[in-house]
Structure formats: C-alpha cells, structure tokens
Amino acid sequence: MASPLTPRRKPSRRRAGSHLPPHHDNHETALYGIRQMLRGRTGYDAFPVSFRLIVLDTKLSVTRALQCLLANNVVSAPLWNSEKSAFAGMLTVLDIIHLIQYYYKSAVTYDNVKTDVEKFRLESLRDIEKELGVPEPTLLSDHPNSSMFDAAKLLIQTHARRLPLLDKDTETGHEVIVSVLTQYRLLKFIALNCPSEIQQLQHSLRKLKIGTYVSSSGISPFHPLATATLETPVSDVVHMFSERSISAVPIIDEDGIVVDMYETVDVMTLVRLGVYQNLDLTVSEALKTRSPDFLGVVICTASDSLRTLLQLIKKRRVHRLVVVEGEEEEKQGGKKGRLLGIITLSDVLRYVIGEPDIGEGVEEPQPPRQPSS
Ligand code: AMP
C-alpha cells in the first residue's frame, strides 16, 4: 500500500548522462516519504488502542520501585513528584547501573549495602550521578500532540531512548503523564505505516554507514567498540555501561567471534537476585541467571539492507543488532562471525530522520530532485 503522503512523481525519461542511479532516487524519495508521514502524525497516533502505564512516586524506595518494574516486566517508568504534582523524569536501567556502580566503588564493607539500598528513595537518584561524575539526564518531555517527526528529532538531539509525553489536566492545570514514546515504538510505527517506502531502502548497511564499526586505526583490535569475553568480571562491564552510556556489550571469543551479548537489562536479573556487591562474578556466570524469555542476540552482516532491518523491527522487539563479518569480508581474508560493529535503534532513527544540525534541529527534509526530462 503506498502512503498517501509519498510525493507523486510524474513519469519522466531520465536525462542521458545523469549521475544519479535510479535506485538512489528511490532511496531518497522513500526517506522523504517516511519523514513526511511522521510530520502528519502525532504522539497520540502511535499509542496502541489499549496500553498500561506504570508511574512511580519519587518517595518510593529504590527496592520497592525495582520490585514494581520486575513484577510488571518493564525496564523503565516515568517518575511523579506527588508533593508538587509534577512529572519528575524517568527511572531507567541506567539509574540502577549507576546505583550499583556507586555502591561497588564506595562501600568499604558490603554488610550494610542491602539495607542502604532499601532506604534509598528515588528522589535521591540524581545525587548518585553527581557523586559518580556522570551526566545527569535532562528532564525531557513533549506534548502528545507534537508531530512524530518533532518527537523523533528531540530523541536524536538529546540522545534519549524514550520520550515521556505530557498533557495538562484542564480542570486542575496539573501535568498528566499520557505515555512514553520509545525509539522502538517510533521505528515500528514507521515499519507498519510505510511499507512501500521501506521496500525502496535496499542499500546495504555498509553503504549507509548505520551503526558503530571497528576502525582499522584503533588502539585495540575492536576499537571503538566496547567488548568483553565470557571471563570478564561483570563489574568491568557495568563500568563500561556507566562510563560510556551504552546499553550492551558484545561478548567475543579469542578470535573475535561473537558468542553472546551482555545487556543492561541483564543487570536487572542480578538485582532481582540481590547482587549489589558481588559483581566479581564473570559474564559467563552471570549469563547463567538470564531469564528464559531472552530472545537471543540478533546478528546481521554489513551486506544486509536497511529494508531487511526495518522489516525485522516490524516483526519483533529488537533493540540492537551485532554486525559480524560475512561472505563479503571472508573474500578479503576476514572470518565469518567475527565482530564488525553494532547497530542500535538510535543509529537507525538518526539515519531515517536525518542528522540534526548543531543548534538548528534536523534539516528540513527536501523533496528529492526530479530528474529533468
Ligand atoms: P544506544 O544508546 O544504545 O542506542 O547507543 C548509542 C551509540 O553507541 C550508538 O551509536 C551505538 O552504535 C553505540 N554503541 C552501542 N553499544 C556500543 C558498544 N558496545 N561499543 C561502542 N559503541 C556502542
């Protein structure tokens, strides 16, 4: 089904000698169509007919809040300051990582850690970031009537993975948390609503340079990728998460072959088991406690297309893909399965929406140039 917002093109003969190959044109037209579709839709359009929203009061202790996240099988929730009747930010896995990191670094004896964590209230989480010297998250939000294009732009500019959508209660004038627009929901919305545009996105991920890739000039073999092995202590991986603000680390063997992935959500399993202090266990030991619901690591090669990636997002809740060497690399002396890169939803969203100009927001999408006849 073609999107009604796709700019129609008059049938035209290509001018001899044009430097634009036909499918490059199609690619730009498809991106333009997707951006236009998002401009015409609001946050309200992205919500499913029925959904639940877990909101946590900032007076709750971290332990109670975690129990609530785990019981509801969610990894983040908006915070509510009931004294001010106002939205107070988000609780995310990264907050928990920072808390663990803080206790792991500062506790002389671990005897009191469990009771300390139990007393610790959500309202004090920002103090932990100050102590650790990591950036405090900005109090980001948008109105659900904003266009999805503007919401996506805000996510890209702020490097946030989710955008709380707030409205005003017309009677009390107080803020109301309506929903949270995640990168995943946005990309799935695109995948569902722009099937014909997505068909045109045939270029390879290698060509489009979507994601972060191993650089040959790096100081370590997989630079700038943060990686670990099955023997790496979980404390080192948690440190990488906290310091680099990343949410997953590929696990590789001695030949660089990807064997697994350790993700920030895996830390939640450790927290469920009460492990605030014993981060000396190895990745291999920690992975044994992983939930049986884990969907597995999604692997692709750089020859796969953006189309395939978006079609995958439509079908399953994927948050990142590990790019490994495939046949193409093997021909040049590479090894199948060796780590080549990582692609997260931020990378895909940034490509599809366009890179924001500093201080300017995302460049206005221009209609693709028509080849002259
Ligand atoms: P995220 O916030 O998880 O979407 O990732 C932010 C950026 O970091 C993206 O450009 C990713 O490609 C990149 N990234 C994610 N994981 C890693 C990693 N383990 N090592 C290096 N870069 C990463």
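Two strands are taken to pair here if DSSP finds at least two bridges between them, and with that in mind the tour of this predicted model can begin at a small piece of pairing.

**First stop: strands β1, β2 and β3**

Select Asp 57 together with Trp 80, and you will find that Asp 57 stands opposite Trp 80 in β2. Now widen the selection to β1 and to strand β2 (residues 77–81), which run parallel and are joined by 2 bridges. Adding β3 completes an open sheet of 3 strands, whose order is β1-β2-β3 and whose pairing is mixed. The edge strands of this sheet are β1 (56–57) and β3 (86–91), each of which pairs on one side only. As background for what you see, strands of a sheet pair through backbone hydrogen bonds, either parallel or antiparallel.

**Second stop: helices α8 and α14**

Next, select helix α8 (residues 183–193) and helix α14 (residues 306–315), whose axes come within 8 Å and cross at roughly 110°. Angles of 65 to 115 degrees count as roughly perpendicular, and α8 and α14 are therefore roughly perpendicular to each other. To look at the contact itself, show the side chains of Tyr 184, Leu 187, Lys 188, Ala 191 and Leu 192 in α8, which meet Leu 310, Ile 313 and Lys 314 in α14. The residues of this contact comprise 6 nonpolar and 2 charged ones, with no polar residue among them.

**Third stop: helix α11**

Move on to helix α11 (residues 234–244) and colour its buried residues, namely Val 234, Ser 235, Val 237, Val 238, Met 240, Phe 241 and Ser 242. If you then display what covers these buried residues, the elements to show include α4 (93–106), α6 (125–132), β7 (248–252), β8 (258–263), α12 (264–272) and α13 (283–287). Just after α11, pause at Ser 245, which takes a positive phi of about 50°.

**Last stop: the hairpin of β7 and β8**

From there, select β7, where 5 of the 5 residues are buried, so that the strand is largely enclosed by the rest of the structure. Which residues of β7 point one way, and which the other? Ala 248, Pro 250 and Ile 252 point one way, Val 249 and Ile 251 point the other way, and all are buried. In a regular strand the side chains alternate between the two faces of the sheet. Add β8, which runs antiparallel to β7 and is joined to it by 5 bridges, and look for Ile 252, which stands opposite Val 258 in β8. Finally, follow the chain through the turn of this hairpin, where 5 residues lie between β7 and β8 and where Gly 256 has a positive phi of about 85°.

Technical notes. Residues are numbered from 1 along each chain as its sequence is written. This is a predicted model: local features need pLDDT of at least 70, side-chain atom pairs count only at pLDDT 80 or more; totals for chains, interfaces and linings use all residues. Side-chain values use heavy atoms; hydrogens and water are left out. Buried means under 20% relative accessible area, exposed over 50%, partly exposed in between (1.4 Å probe, protein chains only). Helices (H or I, at least four residues) and strands (E, at least two) are DSSP runs, numbered from the N terminus. Contact means heavy atoms within 4.5 Å. Axes are lines fitted to C-alpha atoms, for helices over the stretch in contact, and angles run from 0 to 180 degrees between N-to-C directions. Angles under 35 degrees count as roughly parallel, over 145 as roughly antiparallel, 65 to 115 as roughly perpendicular and the rest as oblique. Ala, Val, Leu, Ile, Met, Phe, Trp, Tyr, Cys and Pro count as nonpolar, Asp, Glu, Lys and Arg as charged, and the others, Gly among them, as polar.
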